[in-house]
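Biologist: I would like to go through one part of this model with you. Shall we take it step by step?

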Amino acid sequence: MRVLLVEDHKPLARAVRQGIEEEGYAVDTAVDGEEADFKARSAEYDVIVLDIMLPKIDGLTLLQKWRKAGVKTHVLMLTAKAGLEDKVKGLNLGADDYLSKPFQIEELLARLRALVRRKHQTKDPILRVGDLEIDTSTHQVKRAGQSIHLTPREYALLEFLAYNRGKVVSRTKIWEHLYDEYDDNTSNVVDVYIRYLRNKIDKDFDPPLILTRWGEGYLLRGDDEP
């Protein structure tokens, strides 16, 4: 999944970015409201983590502009203020959740996972595809009851395919959700990770779950796939 982190306090931004990346997410960053506005309208993010107090354009004004412009990305607001007024105003303007500073990275990650599930209209943290189980809260993966170890990048790819189960997703779309603005890989790297995943998820199991649609992309087998 791909996250836009909007935070002008650089030490905090570095720490939060590292924590989110260790979860397997791709993270873009912005240090002021103008940069955040440009990036939010230029790329497709799964979640935007938005600080209220920002240079140039504050977070509440940004949020209001995005919702008026039809930007539907889930927004988790960060505030250093303990007062209820900012939280209520943010929620009323279209924020999906909020978190007061200081916070633990584990809580932020839990809220991000919940927003990703909400985006895909599911409440169960465990995604099931045939005999494959993906626990989105612990990143544990099992097939036919057998635990499968995945690297963070492999897991991120599998989770993305699972959330789009039965739908063909192009290499470009996969790449845009798995890699951030700092990564110099091209969409061809997706083929490499699809091969890695198949060796772990499909090898020695039946039926194969990761399917190729030549000229279109990849998909995780849906219930109606022959």
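The questions below go through a sheet, its turns and a helix that lies across it.

Biologist: Before we start, what kind of model is this?
Modeller: Local features are read only where pLDDT is at least 70. That is a confidence cut-off for a model that is predicted.

Biologist: In which order do the four strands of the open sheet lie?
Modeller: The pairing in this sheet is antiparallel. Neighbouring strands are turned by 25 degrees against each other on average, direction ignored. The order is 6-7-8-9.

Biologist: Why is one side of strand 6 and of strand 9 left without a neighbour in the sheet?
Modeller: Strand 6 covers 126-129. Strand 6 and strand 9 each have a single partner strand, so one side of each stays free of a sheet neighbour. Both stand at the edges.

Biologist: Which residue of strand 8 stands opposite Glu 133?
Modeller: Strand 7 spans residues 132-135 and pairs with strand 8 in the antiparallel sense over four bridges. Within strand 8, Asp 135 has Gln 140 as its bridge partner. Opposite Glu 133 stands Lys 142.

Biologist: Which residue in the turn between strand 7 and strand 8 has a positive phi?
Modeller: These two strands form a hairpin, with four residues between them. The phi in question is about 65 degrees. The residue is His 139.

Biologist: What is the phi of Ala 144, in the turn between strand 8 and strand 9?
Modeller: Three bridges join these antiparallel strands. Val 141 has Ile 148 of strand 9 as its bridge partner. The hairpin leaves two residues between the strands. In its turn, Ala 144 has a positive phi of about 55 degrees.

Biologist: Which residues make up the covered face of strand 8?
Modeller: Strand 8 runs over residues 140-143. Gln 140 and Lys 142 are on its uncovered face. The covered face holds Val 141 and Arg 143.

Biologist: At what angle does helix 6 run to strand 7?
Modeller: Helix 6 takes in residues 152-163. Helix 6 lies across strand 6, strand 7 and strand 8. To strand 7, the angle is about 110 degrees.

Biologist: Is Leu 158 buried or exposed?
Modeller: Leu 158 lies in helix 6. Beyond its neighbours within four places in sequence, its contacts include Leu 132, Ile 134 and Val 141. The relative accessible area of Leu 158 is 0%, and the cut-off is under 20%, so Leu 158 is buried.

Biologist: How far apart in space are Leu 158 and Ile 201?
Modeller: Ile 201 is one of the residues in contact with Leu 158. In sequence, they are 43 residues apart. From C-alpha to C-alpha, the distance is 9.3 Å.

Terms used
Residues are numbered from 1 along each chain as its sequence is written. This is a predicted model: local features need pLDDT of at least 70, side-chain atom pairs count only at pLDDT 80 or more; totals for chains, interfaces and linings use all residues. Side-chain values use heavy atoms; hydrogens and water are left out. Buried means under 20% relative accessible area, exposed over 50%, partly exposed in between (1.4 Å probe, protein chains only). Two strands pair if DSSP finds at least two bridges between them. Contact means heavy atoms within 4.5 Å. Axes are lines fitted to C-alpha atoms, for helices over the stretch in contact, and angles run from 0 to 180 degrees between N-to-C directions.
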